[in-house]
Amino acid sequence: MTTTALPDTDALRARADEALRRCGAQPPTGGQGVTARTPLTGGTLFTLPATTGDGADVVIAAADTAFREWRTVPAPRRGALVKRLGELLTAHKADLAELVTIEAGKIHSEALGEVQEMIDVCEFAVGLSRQLYGRTMASERPGHRLSESWHPLGVVGVISAFNFPVAVWSWNTAIALVCGDPVVWKPSELTPLTALACDALLGRAAADSGAPAGVHGLLLGGRECGERLVDDPRVALVSATGSVRMGREVGPRVAARFGRCLLELGGNNAAVVTPSADLDLSVRGIVFSAAGTAGQRCTTLRRLIVHEDIADELVARIVHAYGRLPIGDPFRADTLVGPLISTAAYDVMTKALEAAQADGGKVLTGGDRRLRDAAPDAAYVGPAVVRMPGQTAIVREETFAPILYVLTYRTLDEAIELHNGVPQGLSSSIFTQSQREAERFLAADGSDCGIANVNIGTSGAEIGGAFGGEKETGGGRESGSDAWRAYMRRATNTVNHSADLPLAQGVNFL
């Protein structure tokens with residue numbers, strides 16, 4: 001079903017302006033290069049000046065200078081900056097969520113959840129600031145101590161995408177800062193307002209905690225700004241979230257200057273549903289993972305691999321659930337599906353559905369554009385379910401829109417082969433009540449993804465676990481567990497506290 005009332009662009013502009021002011025950001029007063037739009041109406045909110053090449057150099061130079069001081073600050077004191085950031089994010093949770101909904105089109109509960117994720121990762125990073133552990137190893141030489149230590153790496157460049165305009169930045173920034181690394185951020189040009197608000201809050205936190213100037217920086221613009229971070233040798237690590245195409249360019253360019261990369265790229269995520277699965281639970285997990293955020297998460301469920309004995313019943317339930325999804329104004333409490341980021345995204349979705357049908361697929365529901373009269377420049381669409389005869393070329397691609405392809409299988413080995421038979425390897429799940437099936441899916445010869453779940457969908461990761469994927473997803477890891485190590489450099493230390501000089505491996509010399 002579709003809700004028909006939508007806010008107008010002028011009202012959204014006023015709301016964005018007020019939210020920016022409350023966060024301490026200077027509302028845009030004009031400029032060229034970056035246009036802030038809202039997918040709710042497709043209208044323009046503000047135009048902002050883009051960061052010039054010289055401006056980017058100034059920001060990166062300031063971060064490089066700040067690193068000389070910031071790396072010597074004890075990690076628990078660096079944690080005080082992140083603690084203060086978390087406090088400010090808590091105080092301005094509603095303001096940031098307002099901007100996320102206005103700029104990215106997320107339903108408001110998801111926008112609030114994204115800001116809560118920022119707060120959570122700040123709490124995690126504060127604790128981490130007292131746990132950047134090295135280790136001591138047994139030395140083969142008498143009177144020697146062998147250990148390793150971890151040190152700040154350098155300036156971290158963060159390139160983020162529109163679909164999580166604030167959370168991914170916080171994953172990198174909170175952890176990089178406690179690790180001793182200044183951060184320069186190039187947000188998506190589709191979500192500059194959320195970036196202005198976050199940068200203002202981090203600026204307040206830095207001032208309140210006495211951090212050096214330049215410990216954070218912001219580059220607003222498109223490809224040129226990203227290239228500055230990718231090619232500048234002062235940027236020790238580039239953490240980039242985006243398409244596989246982008247990763248193919250970023251990775252080699254950073255490697256050419258012997259920098260480090262942390263890549264979070266495409267996902268073509270699948271769920272296997274076995275005959276033993278709880279279908280009520282499965283439907284809830286599948287519908288949220290496939291239709292949530294209008295199919296614009298990197299962890300969105302795009303392929304459903306269901307046993308042929310239960311396929312008809314499960315698909316019928318999903319189609320029924322899709323027909324009841326409220327689509328429309330993401331600020332309404334009862335809305336579950338907001339707009340795509342742009343009409344161009346809808347065009348891509350349409351072409352994918354046409355390709356699927358050309359391959360013998362049958363669209364069971366969705367794919368239609370809604371609210372065209374109320375918002376001709378916006379793209380509200382019905383999430384689509386497509387029954388496919390096999391894993392064709394279009395199924396193996398990631399289409400960043402709410403399309404769920406349904407495939408069937410006979411044996412679990414066949415299901416896992418289908419599951420792994422795509423170039424991407426981010427998130428995966430299995431719905432089963434069989435421990436044997438669950439363990440098989442989680443085993444070394446099971447899911448080949450960086451995230452493998454049992455009886456939950458593919459999306460909705462917690463910050464405590466390392467986030468990232470394999471194959472064309474890039475291999476990076478962000479957020480929890482030991483992902484902090486990507487932001488530091490390791491040193492192996494040997495201390496001889498004896499009066500002798502034995503050599504390793506029994507070598508004799510002099």
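## A walk through pockets, bridges and buried strands

Let's start with a pair of charged side chains: R410 and E308 form a salt bridge in which the closest N and O atoms are 3.7 Å apart. This pair ties together distant parts of the chain, since the two residues are 102 residues apart. R410 sits in the loop between β16 (403–409) and α13 (412–420), while E308 belongs to the loop between β11 (301–307) and α11 (311–323). How open are these two partners to the surroundings? R410 has a relative accessible area of 55%, so it counts as exposed. E308, with a relative accessible area of 38%, is partly exposed. Please keep in mind as you look around that this is a predicted model.

That pair is one of the 32 salt bridges that a search of the whole structure finds. Another joins K186 and E189, whose closest N and O atoms are 3.3 Å apart. Are these two residues buried or exposed? K186 has a relative accessible area of 5%, and because buried means under 20%, K186 is buried. Its partner E189 reaches 37% relative accessibility and therefore counts as partly exposed. A further salt bridge brings the side chains of K106 and E114 together, with 2.7 Å from N to O. Here both K106 and E114 are buried.

Salt bridges can also be linked into a network. Try finding R223, E227, D231, R245, E249 and R253 in the model: salt bridges connect these residues in one network. Keep R245 in mind, as we meet this residue again in the next stop.

Now for the open spaces. The largest pocket holds about 860 Å³ of space. It is lined by 28 residues, and those nearest its centre are T241, G242, S243, R245 and M246. So R245 takes part in the salt-bridge network and also lies among the residues nearest the centre of this pocket. Which helix supplies the largest share of the lining? The answer is α9, with five residues. Both α8 (223–231) and α9 (244–256) supply at least two residues each. Looking at the kinds of residue around the largest pocket, you will find ten nonpolar, nine polar and nine charged.

The second largest pocket has a volume of about 380 Å³. Its lining is made of 24 residues, and E117, F164, R297, G460 and A461 are the closest to its centre. Two or more lining residues come from each of α5 (108–128), α6 (167–178) and β22 (478–479). Of the elements involved, α5 gives the most, with six residues. Sorted by class, this lining has eight nonpolar, seven polar and nine charged residues.

There are cavities to look for as well. How many cavities of 30 Å³ or more are counted? The count comes to three. The largest cavity contains about 60 Å³ of space. Its lining is formed by A104, G105, K106, I107, F162, N163, T293, A294, Q296, G338 and P339. You may recognise K106 from its salt bridge with E114. The residues around this cavity divide into five nonpolar, five polar and one charged.

Next, let's visit two strands. G157 lies in strand β5 (residues 155–159), and with a relative accessible area of 0% this residue is buried. Along the sequence, G157 and V238 are 81 residues apart, yet their C-alpha atoms are 4.7 Å apart in space. S429 is found in strand β18 (residues 427–431). Like other residues under the 20% cut-off, S429 counts as buried, because its relative accessible area is 0%. S429 and S342 are 87 residues apart along the chain, and 29 Å separates their C-alpha atoms.

We finish on the surface. L501, L503, V507, F509 and L510 form a nonpolar patch there, and together they have about 640 Å² of accessible area. V507 lies in the segment after β23 (488–496). Why does V507 count as partly exposed? Its relative accessible area is 44%, and partly exposed means a value between the 20% limit for buried and the 50% limit for exposed.

Technical notes:
Residues are numbered from 1 along each chain as its sequence is written. This is a predicted model: local features need pLDDT of at least 70, side-chain atom pairs count only at pLDDT 80 or more; totals for chains, interfaces and linings use all residues. Side-chain values use heavy atoms; hydrogens and water are left out. On a 1 Å grid over the protein atoms alone, a cavity is a set of points where a 1.4 Å probe fits but cannot get out, and a pocket is an open set with protein on both sides within 12 Å along at least five of seven lines; lining residues have an atom within 4 Å of a point. Grid points are joined across faces, edges and corners, and a volume is the space filled by probe spheres set on the points. Helices (H or I, at least four residues) and strands (E, at least two) are DSSP runs, numbered from the N terminus. Ala, Val, Leu, Ile, Met, Phe, Trp, Tyr, Cys and Pro count as nonpolar, Asp, Glu, Lys and Arg as charged, and the others, Gly among them, as polar. Patches are made of residues with over 30% relative accessible area and no salt bridge: like charges are joined within 9 Å, nonpolar side chains (Val, Leu, Ile, Met, Phe, Trp, Tyr) within 5 Å. Accessible areas come from the Shrake-Rupley method with a 1.4 Å probe; for residues, only the protein chains shown count as cover. A salt bridge is a side-chain nitrogen of Lys or Arg within 4 Å of a carboxyl oxygen of Asp or Glu. Buried means under 20% relative accessible area, exposed over 50%, partly exposed in between (1.4 Å probe, protein chains only).
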